[in-house]
Amino acid sequence: MSLAVRPMHADEADAVAGMVRGLAEHIGSDFVPALTGEKLRKASDLIDVVVAEDGGRLIGACLGLMTFSTWRGAPGLYVVDLFVLPEARGRNAGLDLLRCSARRFAARGARFVKLEVDESNSGAGRFYARLGFNKKAEDRLHILEQDKFMEFVGGQS
């Protein structure tokens, strides 16, 4: 495996949009994402996308936005979507994607990361729990707070 994690190239936007649709299928959603490659390219000033490729083939993507928490008084990363193709799972691609995205946002001042996990996606919930994300029992929101965030950003996979 020659896994590389890097920012998305504009000509990969269609493939990433397909992965977002794949995520919806994975969780069994009746909702079909309206994201297209063209919409993703147009939103490039709002959303940061990193991709994982193995031997020239895209196998995963992490889409993130800068957010701001008034309670924390700090900017953070909001992970919109994180997806790895089913056949590529178990090789740390998801961890590498999340860490790459977190580092990119930390360089811009982010001090926490938060995301939502669909209740039916128990594997994702376990993944984030292993990384130290906090989750309220009644909520889908997972948060990696400032100290743990900085530790995660500095860690190696």
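This is a walk through the strands and helices of a predicted model, beginning with its sheet.

Let us start with the strand order. The model holds an open sheet of seven strands, arranged E1-E2-E3-E4-E5-E7-E6, and the pairing in it is mixed. At the edges stand strand E1 (3-7) and strand E6 (134-135); each has a single partner strand, so one side of each is left without a neighbour in the sheet. As background, strands of a sheet pair through backbone hydrogen bonds, and they may do so either parallel or antiparallel. You will meet both arrangements as we move along the order.

Take the pair E2 and E3 to begin with. Seven bridges link these strands, which pair in the antiparallel sense. If you would like a spot to look at, find Ala52, which stands opposite Gly60 in E3. E2 and E3 form a hairpin with two residues between them, and Gly55 in the turn has a positive phi of about 60°.

The next step takes us from E3 to E4. These strands run antiparallel and are joined by 10 bridges. Two places help you to follow the pairing by eye: Ala61 stands opposite Phe83 in E4, and Leu65 has Tyr78 of E4 as its bridge partner. E3 and E4 also form a hairpin, with four residues between the strands, and here Gly73 takes a positive phi near 65°. How well covered is E4? Eight of its 11 residues are buried, so E4 is mostly covered.

On moving from E4 to strand E5 (residues 113-116), you will find that the two pair in the parallel sense over three bridges. Leu77 marks the place, with Val113 in E5 as its bridge partner. At the E6 end of the order, E6 and strand E7 (residues 141-144) pair in the antiparallel sense over two bridges. There Asn134 stands opposite Ile143 in E7.

Now for the helix on the sheet. H1 packs on it and touches strand E2 (48-54), strand E3 (57-69) and strand E4 (74-84). The direction of H1 makes about 85° with that of E3.

Follow the chain past H1 and you come to Phe31, which lies in the loop between helix H1 (13-26) and helix H2 (37-42). Is Phe31 buried or exposed? With 58% relative accessibility, this residue counts as exposed, because the cut-off for that class is over 50%. For a sense of distance, compare its position with that of Val113, the residue we met in E5. Phe31 and Val113 are 82 residues apart along the chain, and their C-alpha atoms are separated by 25 Å.

Our last stop is a pair of helices. The axes of helix H3 (residues 93-106) and helix H5 (residues 146-154) come within 9 Å and cross at roughly 110°. H3 and H5 are therefore roughly perpendicular to each other, since angles of 65 to 115 degrees fall in that class. Their crossing is left-handed. From H3, the contact is made by Leu95, Leu98, Arg99, Ala102, Arg103 and Ala106. From H5, Phe149, Phe152, Val153 and Gly154 take part. Sorted by class, this contact of H3 with H5 has seven nonpolar, one polar and two charged residues.

Technical notes
Residues are numbered from 1 along each chain as its sequence is written. This is a predicted model: local features need pLDDT of at least 70, side-chain atom pairs count only at pLDDT 80 or more; totals for chains, interfaces and linings use all residues. Side-chain values use heavy atoms; hydrogens and water are left out. Buried means under 20% relative accessible area, exposed over 50%, partly exposed in between (1.4 Å probe, protein chains only). Two strands pair if DSSP finds at least two bridges between them. Contact means heavy atoms within 4.5 Å. Axes are lines fitted to C-alpha atoms, for helices over the stretch in contact, and angles run from 0 to 180 degrees between N-to-C directions. Angles under 35 degrees count as roughly parallel, over 145 as roughly antiparallel, 65 to 115 as roughly perpendicular and the rest as oblique. A crossing is left-handed if the near helix is turned anticlockwise from the far one by less than a right angle, and right-handed if clockwise. Ala, Val, Leu, Ile, Met, Phe, Trp, Tyr, Cys and Pro count as nonpolar, Asp, Glu, Lys and Arg as charged, and the others, Gly among them, as polar.
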